[in-house]
Amino acid sequence: MERKDELQARVSQIDDKIKELEAEIESLAIERRECEHEIKKVESAEKTAELLNSIFEITKENTQFHRLHHNTKTTPIIDQFANSDKRFLVFTRAFCLLPAYRRVSLVITKSGSGINYEYSGLVLTDLKKNVESWVSESSYSRLPENSRLFPLYRELGTVCKKVHAKGERVPFERVCLIGGQTYSNQTGFGSEYCGSDLVYAGREYGETTKFSMIGVIVDN
């Protein structure tokens, strides 16, 4: 039979080995989390590219077309699109790009999860105020970076860098979000409480549904 001090020495050696294995396990766990994070980044990049390139899948059957003016009531348009099976919403002849003097239509689609996007707070009211504007490659550089129009005008600026053929579909480099109100966004305001306990969280005034701007179509 082993002596007590010999057994204690073996226990100490086993404890040391356990600590080494635990440290290795923790290191592997960290490496695993880093790999999973990178996988999510790659998946998001793939989904984003797929969404941007979906501009080439536009047809008359899967798209809702509208001409946007300064006084256009957008809630019926957005509500119809959000509650339809249409994949795309196209605002025709929305901007004129310089120096080629090309009119372009803005392509919007429904937003999905896991997409890389930029959102500056842009809403359809902002778009209406600037519809049919002349946009050049440098237009966005004259805007403050906190401007709601900055991400959209930056993407339009990248389109301006090349002369595109009539009818060509040009995806943006980055997805830009825009908010629009449906009829459901305009109801259900106010929250209900029982004492200090929240029973029902109502909508906030000005709440919008988010959509993705993915590119333009050069008008014929």
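**Exercise 1. Classify Cys176 by its relative accessible area, and decide what its sulfur can bond to.**

Solution. In this predicted model, Cys176 has a relative accessible area of 1%, and because the limit for a buried residue is under 20%, Cys176 is classed as buried. The next step concerns its sulfur, for which the closest cysteine sulfur belongs to Cys160 and lies 14 Å away. A disulfide requires two cysteine sulfur atoms within 2.5 Å, so the separation between Cys176 and Cys160 is too far for a bond. Applying the rule throughout gives a count of 0 disulfides. Cys35, by contrast in its class, has a relative accessibility of 42% and is therefore partly exposed.

**Exercise 2. Determine which strands pair with strand E2, and in which sense.**

Solution. Begin with E2 itself, which spans residues 88–97 and has 8 of its 10 residues buried, so that the strand is largely enclosed by the rest of the structure.

- Step 1: Strand E1 (residues 63–67) pairs with E2 in the parallel sense over 5 bridges, and within this pairing Gln64 stands opposite Leu89 of E2.
- Step 2: The connection from E1 to E2 involves helix H2 (residues 74–82), and the three elements together make a right-handed β-α-β unit.
- Step 3: Strand E3 (residues 102–110) pairs with E2 in the antiparallel sense over 7 bridges, with Arg102 in E3 as the bridge partner of Leu97.
- Step 4: E2 and E3 form a hairpin with 4 residues between the strands, and in this turn Tyr101 has a positive phi of about 55 degrees.
- Step 5: Strand E5 (residues 133–135) pairs with E2 in the parallel sense over 3 bridges, and here Leu97 stands opposite Val135.

Leu97 thus appears in two of these steps, facing Arg102 in E3 and Val135 in E5.

**Exercise 3. Locate Thr208 relative to strands E8 and E9, decide whether it is buried or exposed, and list its contacts.**

Solution. Thr208 belongs to the loop that runs between strand E8 (197–200) and strand E9 (209–218). Its relative accessibility is 15%, and since buried means under 20%, Thr208 counts as buried despite this loop position. For its polar partner, take the side chain of Lys210, with which the side chain of Thr208 makes a polar contact at 3.0 Å. Finally, once neighbours within four places in sequence are set aside, the residues in contact with Thr208 are Tyr119, Val123, Gly179, Gly180, Gln181 and Asn185.

Technical notes
Residues are numbered from 1 along each chain as its sequence is written. This is a predicted model: local features need pLDDT of at least 70, side-chain atom pairs count only at pLDDT 80 or more; totals for chains, interfaces and linings use all residues. Side-chain values use heavy atoms; hydrogens and water are left out. Helices (H or I, at least four residues) and strands (E, at least two) are DSSP runs, numbered from the N terminus. Buried means under 20% relative accessible area, exposed over 50%, partly exposed in between (1.4 Å probe, protein chains only). A polar contact is a pair of N or O atoms within 3.5 Å; within protein, one must be able to donate a hydrogen and the other to accept it, and residues adjacent in sequence count only if both atoms are side-chain atoms. Contact means heavy atoms within 4.5 Å. Two strands pair if DSSP finds at least two bridges between them. A crossover is right-handed if, with the strands pointing away from the viewer, the path from the first strand over the helix to the second runs clockwise.
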